[in-house]
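Let's take a walk through this structure, from how the copies are arranged to how each one is put together.

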Protein chains: 4
Amino acid sequence: MYSFRNDYSEGAHPRILELLSNSNYEANIGYGKDIHSHKAKEYIKKLIEKEDADIHFIPGGTQTNMLVISSFLRPHQCVISADTGHINVHETGAIEATGHKVVAMPCKDGKLTPDIIKKALDYHTDEHMVQPKMVYISSSTELGTIYSKDELISIHKICKENGLLLFLDGARLGSALTCRSNDLNIKDIANLVDIFYIGGTKNGALLGEALIILNQDLKEDFRFLIKQRGAMAAKGFVLGIQFEALFQDDLYFELARHANEMAERLGSIIQEAGYKFYTEPYTNQIFPIFPDTLLEKMEKEFVYEFIDKVDENNTAVRFVTSWATKIEAVEALRDFFNKNK
Amino acid sequence: MYSFRNDYSEGAHPRILELLSNSNYEANIGYGKDIHSHKAKEYIKKLIEKEDADIHFIPGGTQTNMLVISSFLRPHQCVISADTGHINVHETGAIEATGHKVVAMPCKDGKLTPDIIKKALDYHTDEHMVQPKMVYISSSTELGTIYSKDELISIHKICKENGLLLFLDGARLGSALTCRSNDLNIKDIANLVDIFYIGGTKNGALLGEALIILNQDLKEDFRFLIKQRGAMAAKGFVLGIQFEALFQDDLYFELARHANEMAERLGSIIQEAGYKFYTEPYTNQIFPIFPDTLLEKMEKEFVYEFIDKVDENNTAVRFVTSWATKIEAVEALRDFFNKNK
Amino acid sequence: MYSFRNDYSEGAHPRILELLSNSNYEANIGYGKDIHSHKAKEYIKKLIEKEDADIHFIPGGTQTNMLVISSFLRPHQCVISADTGHINVHETGAIEATGHKVVAMPCKDGKLTPDIIKKALDYHTDEHMVQPKMVYISSSTELGTIYSKDELISIHKICKENGLLLFLDGARLGSALTCRSNDLNIKDIANLVDIFYIGGTKNGALLGEALIILNQDLKEDFRFLIKQRGAMAAKGFVLGIQFEALFQDDLYFELARHANEMAERLGSIIQEAGYKFYTEPYTNQIFPIFPDTLLEKMEKEFVYEFIDKVDENNTAVRFVTSWATKIEAVEALRDFFNKNK
Amino acid sequence: MYSFRNDYSEGAHPRILELLSNSNYEANIGYGKDIHSHKAKEYIKKLIEKEDADIHFIPGGTQTNMLVISSFLRPHQCVISADTGHINVHETGAIEATGHKVVAMPCKDGKLTPDIIKKALDYHTDEHMVQPKMVYISSSTELGTIYSKDELISIHKICKENGLLLFLDGARLGSALTCRSNDLNIKDIANLVDIFYIGGTKNGALLGEALIILNQDLKEDFRFLIKQRGAMAAKGFVLGIQFEALFQDDLYFELARHANEMAERLGSIIQEAGYKFYTEPYTNQIFPIFPDTLLEKMEKEFVYEFIDKVDENNTAVRFVTSWATKIEAVEALRDFFNKNK
């Protein structure tokens with residue numbers, strides 16, 4: 001049985017485990033004020049070329065989204081999201097639980113555009129309606145797509161013109177930045193958004209997201225807010241150490257590149273076998289469409305997720321690769337197709 | 001420099017790291033539905049002799065408190081806590097952020113009593129005031145004290161009589177249950193409270209608290225609430241593995257006993273050196289009072305926390321031991337006293 | 001200048017003012033426990049034939065919606081609404097501010113159907129998504145449409161089958177129940193929903209909505225919740241007196257019938273003049289479509305609201321009649337059309 | 001039976017009812033944008049000599065408190081209040097329901113002092129605790145006491161020095177400003193606080209509080225927040241008209257003076273009869289202490305509230321006078337004492 005269920009099935013990359021193990025008996029300061037967290041932040045600041053960025057390591061992704069959105073909006077303000085956005089669909093109302101409406105806009109490929117944002121702005125005309133104040137995007141998106149540099153610049157522009165904060169959920173940023181179609185680098189992102197995060201959980205860490213605040217106005221008292229939302233780990237160094245391991249050299253991107261390569265190869269195998277995709281494959285999540293008769297056999301050998309019934313006889317599914325995906329697993333799919341021609 | 005700053009300074013016990021490492025390449029199901037979490041729950045159920053308990057592994061303590069309290073109260077209901085309670089003082093208003101008042105009652109030694117609970121109930125008379133519905137206690141408390149079996153029974157009784165839920169914060173339950181004065185066992189607790197948790201973070205895990213719901217009425221839909229509060233780790237197995245290591249044998253209590261022994265020894269050394277305590281020492285947190293002149297020297301060799309200026313010349317401080325405290329560190333204090341007679 | 005802006009432009013019906021005035025020097029008990037509130041509740045209970053209904057007078061409509069929805073949902077639960085629903089669009093996120101997502105479904109004529117509710121239920125499959133627990137409908141709707149008896153029965157049925165609470169916003173219930181197309185009576189409603197309210201503000205009162213709780217499970221502690229949301233008027237008798245005046249005889253429905261008659265007449269005049277409607281006219285809100293060239297003249301003599309640009313040259317507007325609308329105002333529109341043939 | 005239960009038992013002063021009646025058929029703009037609200041605001045601005053104040057009419061007091069506090073604090077910030085403060089005790093956790101902790105400080109006579117505020121500030125030292133950002137005071141207080149000019153200046157000063165917003169709850173401001181001991185005028189208040197309100201409900205209106213925002217930084221988007229908290233009356237003119245009647249001449253203060261005179265007279269009668277007070281009488285709420293044997297008889301002729309059992313045989317009660325209190329009611333107490341000597 002080969003699993004392509006998701007990118008958070010395995011533990012952590014060995015170099016992370018090793019650093020955790022080597023630092024195990026140090027007497028660290030709690031709550032993220034330790035030396036490992038400090039070093040990890042320095043590595044990331046250097047990478048994004050923003051010495052004055054504020055960086056915080058947060059245990060989970062939903063937690064990070066809820067923390068960011070609730071910290072920077074006043075009570076009457078809302079966040080604009082793609083209707084497929086994680087905060088709109090897959091966080092059990094975590095954002096609303098902090099008091100804010102998610103204004104969900106129908107989108108193609110899981111991506112907001114300036115036109116769609118404009119539409120949301122135009123709709124909210126007066127004090128009887130919530131006030132849009134933040135735009136939430138993710139890259140890669142829930143559908144595995146990414147924002148190009150031009151696309152991100154144009155979203156940045158409409159946000160600036162309308163006093164909107166721009167927040168990028170980078171739970172899968174590694175995969176987005178290392179995929180073949182990408183023309184953005186992490187410095188571009190740091191220049192174009194107000195807040196973003198670099199996901200660790202889905203790219204080789206046991207857990208943890210590196211939240212980066214670039215907008216000077218948003219930095220004040222943020223540690224109070226982390227604590228209030230239950231997101232300040234007592235052993236903050238457990239997060240710090242992992243990001244130290246990921247960013248002291250190129251490990252973070254190395255892992256993401258591996259996941260993308262495995263996905264690309266998987267994509268080629270699927271294409272060669274004659275199948276199509278639900279959305280074009282870009283990153284480490286791909287969405288092939290298979291006949292239901294084939295899936296009946298496939299599910300005995302592979303683990304993946306159901307996405308959508310596309311017609312009477314065919315179904316879109318999701319295959320995800322990770323830093324830990326082995327080439328044997330990928331090649332097993334080729335064998336499967338050969339067997340089932 | 002020897003650190004007695006807290007019990008969350010070091011990483012994890014080696015057997016935990018080992019199990020993490022050995023399980024590293026398994027393809028686990030996400031969100032706590034993995035086999036390790038399952039095993040860990042079975043161990044704990046057996047230990048507390050409650051086959052029908054619902055157990056959930058939560059990343060952090062503040063998160064657990066906020067999750068429990070917000071899940072089981074209706075909007076107009078409040079939780080009664082000792083004024084020194086963690087939820088009242090040290091969680092940056094996390095409980096209030098979910099909409100609920102903490103009714104903080106002045107207490108001795110950090111402990112609620114039936115009389116104090118009664119006082120809180122009597123004060124809240126009508127619909128213009130919040131309605132008490134839950135009692136929050138912790139053992140050990142913020143002051144290192146513990147509840148005796150009789151005390152817990154009497155609190156259980158007043159809760160039952162008044163329709164109050166009883167929630168025990170066991171962030172330091174290991175130390176409470178293994179200290180010399182303790183006459184409670186974990187089965188008693190499971191019989192006397194509606195919800196409690198067994199703290200991992202402060203007793204040898206990298207992070208994680210095992211939340212145990214005993215009251216049948218509170219079990220429904222709880223995973224929705226975990227998710228909503230950002231407390232459902234994608235790699236839930238990272239928590240499950242740790243609790244598996246802690247509870248597959250006696251490791252959890254072994255670690256707590258060690259911490260207590262180190263604290264006892266520390267206490268004896270302090271007492272022999274002629275110093276008194278701010279509150280009687282019971283568990284792994286002790287609160288000696290030292291002359292300020294001595295502390296000036298002590299702080300060059302030991303790390304501890306300031307608690308209270310007790311008079312013009314003397315100060316109460318906090319020394320905490322952990323599973324990782326070495327006897328050399330403890331004995332170093334004896335040497336320090338000898339040098340500074 | 002004749003105003004058809006809305007149904008909350010004028011004060012109160014003279015019989016309400018008179019009763020307020022006549023009771024002015026009584027020493028009433030506060031917070032809704034007065035004799036007038038009691039009498040008004042008895043009149044309403046008799047009318048709906050539910051002696052055990054719990055009735056509460058609430059100052060405003062948004063307040064009532066937010067109070068009901070936040071009182072009866074657990075934190076992870078959501079309310080299903082038409083996308084045009086007042087709670088989704090025109091309450092500045094009041095529902096979300098209490099922590100709950102509004103799941104807004106695209107609808108025709110502002111009305112939910114069992115099929116649409118089913119779609120919302122089917123979409124929400126697991127604990128990563130909010131859990132539907134309440135259906136919110138209004139009658140008449142934001143588009144002036146009403147639910148027929150069959151429609152309400154079918155919605156009641158799907159709610160029962162799926163454990164959903166059914167809440168009917170009756171801010172304009174008077175108009176709905178007295179319009180020509182209506183086949184429901186208020187007793188039907190009381191039998192088919194869990195909670196509903198009878199709007200006073202938009203039907204002749206200075207302010208006030210009569211909230212009626214029929215579902216036994218929802219009654220407990222509701223006055224605590226009213227108080228907490230700032231909805232318990234110190235001078236609750238000011239609301240009680242008004243509903244006493246409205247329901248001690250047929251006044252409430254008399255006023256609504258008048259508004260509907262004026263709207264019908266207005267509708268006929270518009271139709272006779274050759275114009276069409278954006279949605280079919282049923283109640284006291286009608287939505288004619290006029291050429292922009294005509295509107296330029298019309299706005300100098302009449303007050304109404306802009307709704308939608310339907311094509312390059314024509315615009316839908318809203319005309320609202322009320323208990324206070326005078327026949328002269330209606331006939332003035334006929335004159336206007338005659339002048340502007 | 002004479003009622004001294006409270007100052008919100010009767011309807012409205014006849015001049016208010018008259019203006020409501022005279023304006024009844026006007027077609028007003030909704031949501032507080034009408035001409036009466038405008039006029040009332042102009043009268044108040046002139047009175048407080050602040051042309052640039054933002055004034056909003058809010059239906060109720062608890063609503064106003066919850067609206068103000070939740071609008072101006074970030075999530076991690078708290079409000080400091082006297083432990084007897086209305087927001088701490090008598091609002092069913094309305095403030096906490098918006099997410100904020102009320103830090104309740106033990107006080108004498110229901111009044112905060114700079115020393116007590118300082119103590120609250122000193123206690124909150126870091127990000128593990130809520131951050132004090134607002135001071136809430138009321139005048140008159142729950143105990144009928146008032147702040148002197150010097151006292152208010154000193155509180156203003158400590159607030160300025162520590163970046164705290166100062167919010168004065170003036171539900172009974174009329175009585176405070178017209179009582180014999182008062183040395184403050186309403187212009188002083190407008191100069192010394194950031195936000196305050198002038199209570200209508202407890203001084204002759206059917207309902208309504210005039211909220212006044214003086215601090216420029218707090219004005220933005222406030223109508224969104226009013227709407228979101230359910231505090232924007234559709235018929236806002238009903239509030240506007242009442243404040244127009246109260247402030248177009250001296251009516252507001254006239255009514256308050258009457259209430260105070262009745263309370264003073266009541267106080268003299270009680271004193272002459274040989275009884276003492278629980279707190280010194282200043283305003284329209286007085287707190288005499290009577291023997292329980294006397295109260296047994298008194299309760300057959302007078303309505304008042306129980307406050308506190310002061311010893312085995314004596315009880316403190318509360319007598320409240322209002323704009324509508326008749327001298328006969330007051331003199332009836334004298335007769336009662338004479339009969340029961």
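What follows covers the symmetry, the contact between the chains and the domains of chain A.

This is a predicted model, where local features need pLDDT of at least 70, side-chain atom pairs count only at pLDDT 80 or more, and totals for chains, interfaces and linings use all residues. Residues are numbered from 1 along each chain as its sequence is written, while chains are lettered from A and ligands numbered from 1 in the order in which they are written.

Start with the pair. Chain B lands on chain A after a rotation of 180° with 0.0 Å of shift along the axis, at an RMSD of 0.0 Å (a least-squares fit on the C-alpha atoms of residues with pLDDT of at least 70 in both copies). The two copies are thus related as by a two-fold rotation axis.

Now for where they meet. Chain B brings 39 residues to the contact and chain A brings 40, two residues being in contact if their C-beta atoms, placed from the backbone, lie within 7 Å. On the chain B side, helix 1 (14-22), helix 3 (61-72), helix 5 (94-97) and helix 10 (222-228) each supply at least two residues; helices here are DSSP runs of H or I with at least four residues, numbered from the N terminus. Because 100% of the interface residues of chain B are also interface residues in chain A, the copies meet through the same surface.

Within chain A, an automatic or database assignment gives domain 1 (2-7 + 252-339) and domain 2 (14-249). Their C-alpha centres lie 27 Å apart. In chain A, 18 residues of domain 1 are in contact with 20 residues of domain 2. Helix 12 of chain A gives the largest share of the domain 1 side, eight residues.
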